[in-house]
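Subject: A structure for you to look at, with notes

Dear colleague,

I am passing on the structure we spoke about, and I would be glad if you opened it beside this message. Please look it over once on your own before you read my notes.

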Amino acid sequence: MKRLLCLLFMCASTMVSAQITDTTVNKDKFEKSDFPYKGDRVLIVDRIDGSKEENIFVFAKNKKGSEQDRLYIQQFTKVDGKWESKVSEEVADEGIITVTYNNRKAFKDVEKNGQVDALYIYAKHDKDDLNNPNEEIGLLFYKYQLYTVTVRADSDFKKNYFSDNFKELPTSVKDFVLDYWNKYVSNGRR
């Protein structure tokens, strides 16, 4: 009986986790394709699908050596067989270089609605000091909106700052973000 319950639990766990599909995208081929992303250089490209939608998340930059560093953040979703831009954000602060992390991200269908909740972490650095960030940002894509939680050097990376719309998130989604974020921050952020 215990073995049967264990097998049923494992099957149920697999079905729940199978709601998110991560498909590898060749960054070089994607960069050379005619996909309508913004920017000149692709830093991160992820194909993450829920049971009811297909998504491509892109983090790209302008040309290396440009006077102003620009980070382009986009989410594309397939609608009627065509990729549509659902989220598009540009980060360009004077004197700041943004740094993305390909290994600091999490994906989940928190509400079991077939849509992907995607969390990425990136940092802002003074252009003269790429070793020490000014800010680290947790960026959540949720229902085609962006939400952030940030830690800053001026608070010794101990105080969380939230985007104004963060409080509108359902509790389960906030818990998903803060669970990942708090583990990240408490483990020294690196």
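The notes below go from the overall fold to single residues.

Please keep in mind throughout that this is a predicted model. The chain has 190 residues, of which buried residues make up 40%. Its secondary structure comes to 3 helices and 10 strands, and if you follow the elements from the N terminus on, you will meet them in the order α-β-α-β-β-β-β-β-β-β-β-β-α.

A good place to begin is helix H3, which covers residues 171-186 and so has 16 residues. From its first C-alpha to its last, H3 reaches 21 Å, which is close to the 22 Å expected at 1.5 Å a residue. The buried residues of this helix are Val173, Phe176, Val177, Trp181 and Tyr184. Where do these buried residues fall when H3 is seen down its axis? They fall within an arc of 110 degrees, and therefore they line one face of the helix. The general background is that an α-helix has 3.6 residues a turn, so residues three or four places apart point the same way. On the other side of H3, Thr171 and Ser186 are exposed.

Next come the charged side chains. A search of the whole structure finds 11 salt bridges, and I will describe a few of them here. In one, the side chains of arginine 47 and aspartate 49 meet at 3.1 Å, N to O. Arginine 47 has a relative accessible area of 18% and is buried, while aspartate 49, at 11% relative accessibility, counts as buried too; the cut-off for this word is a relative accessible area under 20%. In another, lysine 61 and aspartate 69 meet through their side chains at 2.9 Å, N to O, and both lysine 61 and aspartate 69 are buried.

A further salt bridge, at 2.6 Å from N to O, joins the side chains of glutamate 90 and arginine 70. Which parts of the chain does this pair tie together? Glutamate 90 lies in strand E5 (residues 82-91), whereas arginine 70 lies in the loop between strand E3 (54-61) and strand E4 (71-79), so the pair links parts that are 20 residues apart in sequence. Glutamate 90 is partly exposed, with a relative accessible area of 40%, and arginine 70, with a value of 29%, is partly exposed as well. There is also a network, in which salt bridges that share partners join Arg47, Asp49, Glu54 and Lys78, so arginine 47 and aspartate 49 appear there again.

The model also holds an enclosed space. The count comes to 1 cavity of 30 Å³ or more, and about 50 Å³ of space lies in the largest cavity. Its lining is formed by Glu53, Gln75, Gln115, Val116, Phe141, Tyr142, Lys143 and Tyr144, and these lining residues divide into 4 nonpolar, 2 polar and 2 charged.

One residue of that lining, Tyr144, deserves a second look for its backbone. Tyrosine 144 has a positive phi of about 65 degrees although it is not a glycine. The residue sits in the loop between strand E8 (133-142) and strand E9 (145-152), and tyrosine 144 is partly exposed, at a relative accessible area of 28%. Aspartate 156, also a residue other than glycine, has a positive phi near 55 degrees, and its place is in the loop between E9 and strand E10 (161-162).

Finally, here are two pairs of residues to find on your screen. Serine 88 is in strand E5 and, at 35% relative accessibility, counts as partly exposed; its C-alpha atom is separated by 9.5 Å from that of valine 58, although their positions lie 30 residues apart along the chain when counted from one to the other. Valine 149 is found in strand E9. Is valine 149 buried or exposed? At 0% relative accessibility, valine 149 counts as buried, and its C-alpha atom is 9.5 Å from that of isoleucine 121, a residue 28 places away in sequence.

With best wishes

Terms used
Residues are numbered from 1 along each chain as its sequence is written. This is a predicted model: local features need pLDDT of at least 70, side-chain atom pairs count only at pLDDT 80 or more; totals for chains, interfaces and linings use all residues. Side-chain values use heavy atoms; hydrogens and water are left out. On a 1 Å grid over the protein atoms alone, a cavity is a set of points where a 1.4 Å probe fits but cannot get out, and a pocket is an open set with protein on both sides within 12 Å along at least five of seven lines; lining residues have an atom within 4 Å of a point. Grid points are joined across faces, edges and corners, and a volume is the space filled by probe spheres set on the points. Ala, Val, Leu, Ile, Met, Phe, Trp, Tyr, Cys and Pro count as nonpolar, Asp, Glu, Lys and Arg as charged, and the others, Gly among them, as polar. A salt bridge is a side-chain nitrogen of Lys or Arg within 4 Å of a carboxyl oxygen of Asp or Glu. Buried means under 20% relative accessible area, exposed over 50%, partly exposed in between (1.4 Å probe, protein chains only). Helices (H or I, at least four residues) and strands (E, at least two) are DSSP runs, numbered from the N terminus. The expected span of a helix is 1.5 Å times one less than its number of residues. The arc is that of the directions from the helix axis to the C-beta atoms.
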